[in-house]
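Work through the following exercises with the sequence and the model in view, and try each task before reading its solution.

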Amino acid sequence: MRGTSPCASCKLLRRRCAKGCIFAPYFPSDDPQKFAIVHKVFGASNVSKMLQELPIHQRADAVSSLVYEANARVRDPVYGCVGAISYLENQVSQLQMQLAVAQAEILCIQMQQEAATPTPLDQDDKSLILSSSNFNINSPHPQYLINFAASSTNLIQDPLKRESL
Ligand SMILES: [Zn+2]
């Protein structure tokens, strides 16, 4: 089959797609744009060298990232995929700030609720207040939050953990 239909790379480079062509598994003829963009940014011979230096089981991933990087470079000639990375890093730090603000608000609300709980009482009720403040500071409420957060990300889990310690 390969003899009759060259891979996208060989087609673009106008050469015979030999058996064992290094590009053939990753650049099928039905997706010519994929190789065209990688060739434009990195050059076919560089891509070929890069693939040759990698074990076969890593080549598909390398091609994916090369295609991604090449597309990013064409979209953004100045920053390429670094533009996307720093945009996402910015977002992460903004979200971390929002998270810290939200956690501070939760603490404030908890403290206000504690301050608002019913007041001058006899022994029994005092112990009740003690246990209800335990409830707010230690368990099980924050534990519930930690468990809930653990199911999403470490980002959320860590600050809460520190808080409860
Ligand atoms: Zn080929």
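**Exercise 1: A residue and its partners**

Task: Find which residues Leu66 touches, not counting residues up to four places away in sequence.

Solution: Begin at Leu66 in this predicted model and pass over its close neighbours along the chain; the residues it touches are then Val38, Phe42 and Val47. Next, place Leu66 in its surroundings: the largest nonpolar core has 14 residues, and Leu66 belongs to the group that touches the most other members, together with Cys7, Phe23, Phe27, Phe35, Val38 and Val67. The elements that give two or more residues to this core are α1, α2 and α4, and α4 gives the most, with 4 residues. As a general background, nonpolar side chains tend to be buried together in soluble globular proteins.

**Exercise 2: The whole chain**

Task: Determine how many helices and how many strands the chain has, and what percentage of its residues count as buried.

Solution: Counting the secondary structure gives 8 helices and 0 strands, so that reading from the N terminus the order is α-α-α-α-α-α-α-α. Turning to burial, 12% of the 165 residues count as buried. Finally, if one takes the contacts between residues at least 6 apart in sequence, 38% of them join residues at least 24 apart.

**Exercise 3: The two sides of a helix**

Task: Decide which residues of helix α2 are buried, and where they fall when seen down its axis.

Solution: Helix α2 spans residues 32–42, and within it Lys34, Phe35, Val38 and His39 are buried. Seen down the axis of α2, these buried residues fall within an arc of 120°, and they therefore line one face of the helix. A general rule helps here: an α-helix has 3.6 residues a turn, so residues three or four places apart point the same way. On the face turned away from the buried side of α2 lie the exposed residues Gln33 and Lys40, while the cover over its buried residues includes α1 (8–13), α3 (44–52) and α4. After α2 comes Gly43, which has a positive phi near 90°.

**Exercise 4: Buried, exposed or in between**

Task: Classify Pro32 and Arg14 as buried, partly exposed or exposed.

Solution: The class follows from the number of other C-beta atoms within 10 Å, because 20 or more make a residue buried and 12 or fewer make it exposed. Pro32, which is found in helix α2, has 15 such atoms and is therefore partly exposed. Leaving aside neighbours within four places in sequence, Pro32 is in contact with Ala8, Lys11 and Leu12; its C-alpha atom is separated by 5.0 Å from that of Ala8, although the two residues are 24 apart along the chain. Arg14 sits in the loop between α1 and α2, and with 7 other C-beta atoms within 10 Å it is exposed. The phi of Arg14 is near 55°, which is a positive value in a residue other than glycine.

**Exercise 5: Two helices that cross**

Task: Work out how helix α4 is oriented relative to helix α5, and which residues make the contact.

Solution: The axes of α4 (residues 56–75) and α5 (residues 80–116) come within 6 Å and cross at roughly 90°, which means that α4 is roughly perpendicular to α5. The contact is made by Tyr68, Glu69, Ala72 and Arg73 of α4, together with Gly80, Cys81 and Ala84 of α5. Sorted by class, this contact has 4 nonpolar, 1 polar and 2 charged residues.

Definitions and conventions
Residues are numbered from 1 along each chain as its sequence is written. This is a predicted model: local features need pLDDT of at least 70, side-chain atom pairs count only at pLDDT 80 or more; totals for chains, interfaces and linings use all residues. Axes are lines fitted to C-alpha atoms, for helices over the stretch in contact, and angles run from 0 to 180 degrees between N-to-C directions. Angles under 35 degrees count as roughly parallel, over 145 as roughly antiparallel, 65 to 115 as roughly perpendicular and the rest as oblique. Two residues are in contact if their C-beta atoms, placed from the backbone, lie within 7 Å. Ala, Val, Leu, Ile, Met, Phe, Trp, Tyr, Cys and Pro count as nonpolar, Asp, Glu, Lys and Arg as charged, and the others, Gly among them, as polar. The arc is that of the directions from the helix axis to the C-beta atoms. A nonpolar core is a set of buried Ala, Val, Leu, Ile, Met, Phe, Trp, Tyr and Cys residues joined through C-beta atoms within 7 Å.
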